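Biologist: I have a model open and want to talk through its pockets and surface. Can you walk me through it?

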Amino acid sequence: MICLTSTSCIATFCRNPWIFLSKSLLRYLSTSAPWGTTAERNVPSSKFLKQDTSASSTSTKPLPKHADVVIMGGGSLGCHTLYHLAKMGIADVVLLERDQLTSGTTWHTAGLLWQLRPSDTEIELLKHTRDVVSKDLGEETGLHTGWIENGGLFIASNKQRLDEYKRLMSLGKVYGIESFVLSPAETKDLYPLMNVDDLCGTLYVPTDGTMDPAGTCSTLARAATARGASVIENCPVTGIQVKVDHYGTRRVTGVETDCGTIQTTCVINCAGVWARALGEMAGVNVPLIGMRHAYVVTERIEGIRNMPNVRDHDSSVYLRLQGDALSVGGYEPNPNFWEEVSDKFAFSLFDLDWDVFTQLIEGAMNRIPALETTGVKSTVCGPESFTADHKPLMGEAPELRGYYLGCGFNSAGMMLGGGCGKELAHWVIHGRPEKDMYGYDIRRFHHSLTNNNRWIRERSHESYAKNYSVVFPYDEPLAGRNMRLDPLHQELLQQGCVFQERHGWERPGWFNPKGPAPILNYDYYGFYGNKRHEDYRYNQLLCDDYTFDFPPHHNQIKSECESCRNAAAVFDMSYFGKFYLLGPDAKKAADWLFTADVSVSSGKTMYTCMLNSRGGTESDLTVSPIESAPQGTALTPAFEGYRHWHADLRSDDTPLEAGLAFTCKLKTKIPFLGREMLEKQKAEGLFKRLLCFTVDEKVPMFGLEVIWRNGKVVGHIRRADFAFTLDKTIAYGYIRDPDGGVVTPDFVKRGEYSLERMGVSYPAKVHLKSPFDPNNKRVKGIYS
């Protein structure tokens, strides 16, 4: 950590001191600012305080010889997971912190909580964090976590950004989160100190707020220890004990520290930017990269108290209320990598690229002009961990049973900590989370990528650089591409194929009639000495797709769809997961795993599902009985290890809810995983049902639109697109009865529906069957 106390103004702070000679600068230099000359800029100043987080060799309390669960890391995720494990009845759990709670990446977090995200699951996770921090912990302990509900304000300087906010506002209605799209004038009334001259509008969420990292984590620890859990500080982990069982599976057996060894079969890596090093101790790949993140804290600003926190995404800056001052930070396109993974860290501000950080400060001054004459009280610089897809790393590592991850939170560990801590605790106890956490599951990455340093570094950099970018429906990464290519790749490329990346594979997306659009090596946006690509056709095609309207190649997609419908097409499915089930009990295993009766003759293919014990759909897939053959042939590819594949279905949806009852052998007496739950659900009725909607007006929809029934919100769209055969927008989403009743076909038919997109509702027609070929005749070869 670096702290600077001065009376300098923030404008002077960010300008070149030997060019901009103003009264403020002279006043700044008179306080012995560390960059008065070129020579002084090259060495750390004694005015800066470096934090040394090296742990002492004496823990705060004796280590137990055994624990059911050992958590490594005492930041937001570690403390939330400890709390939820204890609350779920696992008292024999120990949290080990190498120094003191929050001394890793949590100590310098801004502690902001924004409730609206472009993901229904994330909104639910954020809601749980807010409930824990603003209500539950206080009721349980009588302590204040530092929660302040001062609201949140998202700034839009262009139409696309405002469209994104309108999508968030609509989705928030499904979860009862009140938000308002404000005009520039209304924004000025709410926040008088703000410059609104260059705004299109803002999104205001009154119930957003901030948390105090230290207060939150210490209160979580207090609540957990009251239930029997243990927190041991000054106890760095030095090794993970592993054994190989009779089946050749590696399993955790213990945790080694400077202060002794704890025998355990379950460890959770919540070590933030140090998580990769703790993974290496156990032979577990943790694909994240440490970045250096900095912000400044201002002196007192007249009139700022009680103002909302601000995210000006287009200026890549955030403004966090801190009493009667502001914390000002952001995400630059060329962050400094944090290479040192050890027990110590200490940076100085000279490690940052001040030409870039200056742009963030200037963006803040443009938004809040009062900052021009406001003093800088302190500056903070610390590490943050970023991942390849800007999503956390959670769940059990495929390389080691009993080794769980709760790390890589991309600067969102405080706000996601409560929801993710609860899901991680449930994961450990029950073998799976309650919610659909596929987007966070470490198994979403192929093993050829998680140990590829180039891929990790490139993709993690891009996720940091695009932290505040608009989330468009069809965006693709530029980094870490061309990792897995199929034999037809070059031929498709020459035909103008615009590729998409899935599980490392380059798969066909659509075809550009103007010729090839090759994906070039990542140029880091021209930073770190790299030359930025010029006339990059693939990048330009992506940029053309950055819209919430129909993309420019909409008609090209139509032509391709019509060719598939009326002629013939070959689809490359290399990126799909493939499994080979063999052995004397293969038939018995198939009966138990698959919902359909797959007792068909060799060569036939059955569509079926695989469920979990709660009846949720882990996967929908096709099963083909084949003649025995040596493993590794074209039909029986070599097994690459356990992999978790996502199914547009989710693990919290049952086949009955999704309209896939026909895949379930419920009319037979053959037992299968999840059958009891399906039978129970069938008897009680469905409280959630997947429906198809069409909209006559030609309007683009992508998912997350609100479903209205008879004037009430009943759900949201999971997936939507334009159906060229129907010449209409088509959308699928689950609905519930807002009064808690069973969603029967009659309930569905009695409703009048509309779909809300960006605050505008469009009349919609509901379908209990597919609007095209509802009786499935065509798939059987019947075209009359």
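Modeller: One term before we start. Helices and strands here are DSSP runs, numbered from the N terminus; a helix needs at least four residues and a strand at least two. Also, this is a predicted model.

Biologist: Fine. How many helices and strands does the protein have?

Modeller: There are 19 helices and 30 strands.

Biologist: And what percentage of the residues count as buried?

Modeller: The protein has 784 residues, and 54% of them count as buried. Its accessible surface is about 34100 Å². Carbon and sulfur atoms hold 51% of that surface.

Biologist: Speaking of surface, which residues make the nonpolar surface patch of about 350 Å²?

Modeller: F571, M573 and F576 make that patch.

Biologist: Where is M573 placed?

Modeller: M573 sits in the loop between helix 16 (554-566) and helix 17 (586-593).

Biologist: Why is M573 called partly exposed?

Modeller: Because its relative accessible area is 45%, and partly exposed runs between 20% and 50%.

Biologist: New topic. How much space lies in the second largest pocket?

Modeller: That pocket holds about 840 Å³. It is lined by 33 residues, and those closest to its centre are D652, D653, E657, K688 and R736.

Biologist: What classes make up the lining of the second largest pocket?

Modeller: The lining has 16 charged residues, nine nonpolar and eight polar.

Biologist: Which element gives the largest share of that lining?

Modeller: Strand 27 does, with five residues. Strand 27 covers 712-723. Helix 5 (120-141), helix 18 (675-684) and strand 28 (728-735) also supply at least two residues each.

Biologist: Now the closed spaces. What lines the largest cavity?

Modeller: The lining is R117, E122, H390, K391, P392, F409, N410, A412, L416 and Y440. The space inside is about 50 Å³. By class, that lining splits into five nonpolar, two polar and three charged residues.

Biologist: And the second largest cavity, how much space is there?

Modeller: About 40 Å³. R167, S170, G703, L704, E705, E756, R757 and M758 line the second largest cavity. Helix 6 (159-174) and strand 29 (753-757) are the elements that give two or more residues to this lining.

Biologist: How many of the residues lining the second largest cavity are charged?

Modeller: Four are charged, two are nonpolar and two are polar.

Biologist: Last one. Why roll a probe over the atoms at all?

Modeller: Because a probe the size of a water molecule shows where empty space is left.

Note on methods
Residues numbered from 1 in each chain as written. Predicted model: local features only at pLDDT ≥ 70, side-chain atom pairs only at ≥ 80, totals over all residues. Heavy atoms only, no water. 1 Å grid on protein atoms, 1.4 Å probe; cavity = no way out; pocket = protein on both sides within 12 Å on 5 of 7 lines; lining within 4 Å. Points joined across faces, edges and corners; volume = space filled by probe spheres on them. Nonpolar A, V, L, I, M, F, W, Y, C, P; charged D, E, K, R; others polar. Patch = residues over 30% accessible without salt bridge, like charges linked within 9 Å, V, L, I, M, F, W, Y side chains within 5 Å. Areas by Shrake-Rupley, 256 points an atom, 1.4 Å probe, with all protein chains shown as cover. Salt bridge = Lys/Arg side-chain N within 4 Å of Asp/Glu carboxyl O. Buried < 20%, exposed > 50% of the residue type's maximum accessible area, 1.4 Å probe, protein only.
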